[in-house]
Amino acid sequence: IKEKVAFNAAAQTWNHTFYWNSMKPGGGGEPTGKIADAIKDSFGSFESFKETFSNTAGGHFASGWAWLVKNSDGKLAVVDTHDADTMACKDGVTPLLTCDVWEHAYYIDYRNGRADYIKAWWNLVNWDFANANLG
């Protein structure tokens, strides 16, 4: 049980650090660079990606994370994880961005309005961070 406690603490530290780096003041808008091309290749358009990501984040049951990842085949995907699960431990997957959908991320400002929180999150997305993670 001590290993599980240690994993949860380490994973949540990693996830939250990644989350804060996934945003920046003055961020948001449409992506540029390699991430823009990869999103278009994998989702057809930025709008389609944004809808998929928002639906995944908004539809996630309970506490967790929505992620934009690059799979080992080079294609991007949107996935969600529960609780302290982290993309840092997934073989063949490179995390690019994340959105925290634990209630603590939005309750003070949005109460139970997760959809409003996700809409606001798009105004902060750090595309430079996603481009750096894409490599």
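The following questions and answers go through a predicted model, from its sheet to its helices, salt bridges and loops.

Trainee: In what order do the three strands of the open sheet lie?
Mentor: The strands pair in the antiparallel sense. The edge strands are β2 (76-82) and β3 (93-100), each of which pairs on one side only. From one strand to the next the twist averages 30°. The order is β2-β1-β3.

Trainee: Over how many bridges do β1 and β2 pair?
Mentor: Strand β1 covers residues 64-71, and its pairing with β2 is antiparallel. Within the two strands, alanine 66 of β1 faces aspartate 80 in β2. The number of bridges is seven.

Trainee: Which residue in the turn of the β1-β2 hairpin has a positive phi?
Mentor: Four residues separate β1 from β2 in this hairpin. A phi of about 90° occurs in the turn. The residue is glycine 74.

Trainee: At what angle to β3 does α6 run?
Mentor: Helix α6 comprises residues 127-134. The helix lies across β1, β2 and β3. Its angle to β3 is about 160°.

Trainee: What is the hand of the crossing of α3 and α5?
Mentor: Two packed helices are described by the angle between their axes and by the distance between those axes. For α3 (residues 46-59) and α5 (residues 114-121), the axes come within 9 Å and cross at roughly 145°. The crossing is right-handed.

Trainee: How many residues of the contact of α3 with α5 are nonpolar?
Mentor: Helix α3 contributes Phe53, Ser54, Ala57 and Gly58, while α5 contributes Arg114, Ile118 and Trp121. Two of the contact residues are polar and one is charged. The nonpolar residues number four.

Trainee: How many salt bridges does a search of the whole structure find?
Mentor: One of them joins the side chains of lysine 24 and aspartate 128, at 2.7 Å from N to O. Another joins lysine 90 and aspartate 85, at 3.0 Å from N to O. The search finds two.

Trainee: How many residues apart are lysine 24 and aspartate 128?
Mentor: Lysine 24 sits in the loop between α1 (2-21) and α2 (34-43), and aspartate 128 belongs to helix α6. Their salt bridge therefore links distant parts of the chain. The two are 104 residues apart.

Trainee: Is lysine 24 buried, partly exposed or exposed?
Mentor: Buried requires under 20% relative accessible area and exposed requires over 50%. Lysine 24 has 28%, and its partner aspartate 128 has 48%. Because 28% falls between the two cut-offs, lysine 24 is partly exposed.

Trainee: Which residues does lysine 24 touch, not counting those up to four places away in sequence?
Mentor: Nearness in sequence is a poor guide to this list, so it helps to take the contacts directly. Tryptophan 14 is 10 residues from lysine 24 in sequence and 17 Å away in space, C-alpha to C-alpha. The residues touched are Leu124, Asn126 and Asp128.

Trainee: What are the relative accessibilities of the partners in the other salt bridge, lysine 90 and aspartate 85?
Mentor: Their side chains meet at 3.0 Å, N to O. Both count as partly exposed. The values are 31% for lysine 90 and 28% for aspartate 85.

Trainee: Is methionine 87 buried or exposed?
Mentor: Methionine 87 lies in the loop between β2 and β3. Leaving aside neighbours within four places in sequence, its contacts are Trp67, Val69, Val79, Thr81, Val93 and Pro95. Its relative accessibility is 6%, and the cut-off is under 20%, so methionine 87 is buried.

Trainee: Where is alanine 62, which has a positive phi although it is not a glycine?
Mentor: Most residues other than glycine have a negative phi. Alanine 62 has a phi of about 75°. At 42% relative accessibility, the residue is partly exposed. Its place is the loop between α3 and β1.

Trainee: What is the phi of aspartate 83?
Mentor: Aspartate 83 lies in the loop between β2 and β3 and is partly exposed, at 41% relative accessibility. Its phi is positive although the residue is not a glycine. The value is about 50°.

Key
Residues numbered from 1 in each chain as written. Predicted model: local features only at pLDDT ≥ 70, side-chain atom pairs only at ≥ 80, totals over all residues. Heavy atoms only, no water. Salt bridge = Lys/Arg side-chain N within 4 Å of Asp/Glu carboxyl O. Buried < 20%, exposed > 50% of the residue type's maximum accessible area, 1.4 Å probe, protein only. Axes fitted to C-alpha atoms, helices over the stretch in contact; angles between N-to-C directions. Left-handed = near helix turned anticlockwise from the far one by under 90°. Contact = heavy atoms within 4.5 Å. Nonpolar A, V, L, I, M, F, W, Y, C, P; charged D, E, K, R; others polar. Pairing = 2+ DSSP bridges.
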